[in-house]
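Please open the model in your viewer and keep the selection panel at hand. The tour below moves from one selection to the next and says what is to be found at each stop.

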There are 2 protein chains.
Amino acid sequence: MAETTLSPRAAATRQRILDAALVEFAANGLAGARVDEIAARADANKRMIYAHFGSKEELWLAVLETAYAQKRCEEHALETVNLSPEAAMRALVRFNLRYTAAHPEFVALLNQENIHRAAYLKRSAEVPALYSPLLAALGAVLERGQAAGVFRSGVDAMQLYVSILALGHFYIANRHTLSTIFGAALTTEAALAAREAHCEAVVLGYLRP
Amino acid sequence: MAETTLSPRAAATRQRILDAALVEFAANGLAGARVDEIAARADANKRMIYAHFGSKEELWLAVLETAYAQKRCEEHALETVNLSPEAAMRALVRFNLRYTAAHPEFVALLNQENIHRAAYLKRSAEVPALYSPLLAALGAVLERGQAAGVFRSGVDAMQLYVSILALGHFYIANRHTLSTIFGAALTTEAALAAREAHCEAVVLGYLRP
DNA sequence: CGGTCCGGTAACTGTCTGGTTACCAAATGG
DNA sequence: CCATTTGGTAACCAGACAGTTACCGGACCG
């Protein structure tokens with residue numbers, strides 16, 4: 001990004017474009033998204049999109065990076081060091097499900113990226129920073145729990161990390177097909193609470209020594 | 001589908017179109033897929049696509065139903081009644097991961113469907129049959145294990161079903177972003193075996209009384 | 001207070017793409 | 001063997017879409 005100092009209200013337009021693009025890309029995918037629609041929703045003009053971001057694909061990349069950055073930002077707010085290993089693990093599982101549920105656009109973006117074999121993400125300069133803080137926190141909690149004898153040993157932190165993400169992500173990502181099949185709403189607070197309890201039980205049940 | 005009897009070699013063309021469409025849709029999504037490309041890959045003509053299926057979207061629906069049907073078909077081959085509850089549960093978890101890994105196009109299709117809020121799936125006449133046999137088998141295994149005292153009680157079969165799907169599906173669906181982030185291949189036989197062991201350990205660890 | 005520069009607008013274009021139409025060839029069956 | 005049906009081809013079209021170009025108005029600075 002050419003962060004050559006800044007701009008007065010231009011930054012606001014840029015932000016409106018990013019917000020609008022997030023909605024449009026999440027709703028229609030990269031190929032399905034319409035640049036005109038993004039411009040209209042941002043209450044801006046197509047010209048401005050090409051001025052701020054060079055192309056539709058670069059806009060996509062910018063949206064991706066913004067979404068990742070926001071998630072990392074919220075994850076940093078998680079404080080697990082003061083909690084018992086079990087409570088900390090619960091907090092991690094819960095945060096993941098709740099964040100995913102609160103930001104289904106993030107899920108849609110990720111799915112799109114994977115359809116494109118992460119082609120855009122691989123071009124991102126921020127990739128190294130993508131190691132989620134959640135992973136680091138998880139490793140620390142795991143070690144504490146094992147040292148205290150409340151967690152089993154032989155747990156692969158990376159595998160568990162993927163599994164925790166999976167438990168929340170899949171539920172939200174596939175909420176439409178799942179709710180069609182099961183004929184039940186999945187995103188009501190009651191349903192989310194039930195899912196949350198289940199995810200905690202699975203992870204903590206597994207981790208018992 | 002107008003299965004008015006059948007057709008001699010027309011069925012072959014129809015099948016080639018379906019196969020080509022599956023590849024193209026999985027690779028590019030619904031909006032990103034090009035009808036011309038499908039025609040070329042099927043070694044057929046665009047006209048034939050519109051003769052057999054009325055539109056791009058109806059072709060999409062046909063591909064979806066075919067993919068679901070194939071999965072159900074393979075699932076039926078799973079025999080869990082002769083196995084111990086633990087072994088049967090392992091088999092279910094393993095089958096799900098392996099099937100997903102062997103058919104990443106299915107995952108791509110599902111993701112696309114969810115981006116479109118399952119709009120096409122809801123129009124499908126086959127939806128009631130979508131209750132996967134895997135779910136029925138899971139419920140039976142769960143009951144047997146609980147009766148035998150080897151599984152904990154209070155397990156919600158639907159939640160567990162979603163979780164088992166999630167453990168395999170998420171890993172495969174996000175293999176590109178995950179392998180970019182972790183810098184490791186995820187679909188080698190070694191990696192799949194490790195994932196398989198982990199998934200079994202999570203589910204069976206959770207289910208311990 | 002006037003000029004210049006920057007954020008913004010609107011109309012345009014070349015290309016791509018889903019869908020169609022006019023035409024053909026090879027079976028099939030009488 | 002001829003006629004009719006059916007699977008297949010290729011050229012075409014209208015609309016849509018990403019990306020551009022020509023132009024404007026107000027803020028900011030001298």
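Two definitions will be needed at the DNA: Ala, Val, Leu, Ile, Met, Phe, Trp, Tyr, Cys and Pro count as nonpolar, Asp, Glu, Lys and Arg as charged, and the others, Gly among them, as polar; and a residue is near a molecule or strand if its C-beta atom, placed from the backbone, lies within 6 Å of it. This is a predicted model, in which local features need pLDDT of at least 70 and side-chain atom pairs count only at pLDDT 80 or more, while totals for chains, interfaces and linings use all residues. Residues are numbered from 1 along each chain as its sequence is written, and chains are lettered from A and ligands numbered from 1 in the order in which they are written.

**Stop 1: DNA strands C and D**

Select DNA strand C, which is surrounded by 18 residues, the closest being A:T13, A:N45, A:R47, B:V35 and B:K56. Two or more residues of this surface come from each of α1 (10-32) and α3 of chain A and α2 (35-41) and α3 of chain B, where helices (H or I, at least four residues) and strands (E, at least two) are DSSP runs, numbered from the N terminus. By class, the surface near DNA strand C holds six nonpolar, four polar and eight charged residues.

Now move to DNA strand D, where 18 residues are again found around the strand, and the closest are A:V35, A:K56, B:T13, B:N45 and B:R47. Here the elements giving two or more residues are α2 (35-41) and α3 (46-52) of chain A, together with α1 and α3 (46-52) of chain B. The surface near DNA strand D divides into six nonpolar, four polar and eight charged residues.

**Stop 2: chain A as a whole**

Select chain A, which has eleven helices and zero strands, and whose C-alpha trace spans about 60 × 45 × 30 Å along its principal axes. Of its 209 residues, 42% are buried, a residue being buried if 20 or more other C-beta atoms lie within 10 Å of its own, exposed if 12 or fewer, and partly exposed in between, with C-beta atoms placed from the backbone. Among the contacts in chain A with a separation of 6 or more, 71% join residues 24 or more positions apart; two residues are in contact if their C-beta atoms, placed from the backbone, lie within 7 Å.

**Stop 3: helix α5 of chain A**

Narrow the selection to residues 85-102 of chain A, the 18 residues of helix α5, which at 1.5 Å a residue should span 26 Å, in agreement with the 25 Å between the end C-alpha atoms. The expected span is 1.5 Å times one less than the number of residues in the helix. Buried residues of α5(A) include A:P85, A:M89, A:L92, A:N96 and A:A101, and the buried residues of this helix pack against α6 (104-115), α8 (133-147), α9 (157-173) and α11 (189-207) of chain A.

**Stop 4: the loop between α2 and α3**

Select A:D43, in the loop between α2 and α3 of chain A, where phi is positive at about 55° although the residue is not a glycine. A:D43 has 10 other C-beta atoms within 10 Å and is therefore exposed. In chain B, B:D43 lies in the loop between α2 and α3, and its phi is also positive, near 55°.

**Stop 5: how the two chains are related**

Show both protein chains: a rotation of 180° with 0.0 Å of shift along its axis superposes chain B on chain A, with an RMSD of 0.0 Å, and that is the relation of a two-fold axis. The C-alpha of chain B nearest the axis belongs to B:Y206, 2.1 Å from it. Copies are superposed by least squares on the C-alpha atoms of residues with pLDDT of at least 70 in both.

**Stop 6: the contact between the chains**

The contact takes 43 residues from chain B and 43 residues from chain A. On the side of chain B that touches chain A, α9(B) gives the most, with eleven residues, and the residues of that side divide into 23 nonpolar, 14 polar and six charged. Because 100% of the interface residues of chain B are also interface residues in chain A, the copies meet through the same surface.

Finish at B:A173, in helix α9 of chain B, which counts as buried with 27 C-beta neighbours inside 10 Å. Not counting residues up to four places away in sequence, B:A173 touches A:N111, A:N114, B:V107 and B:N111.
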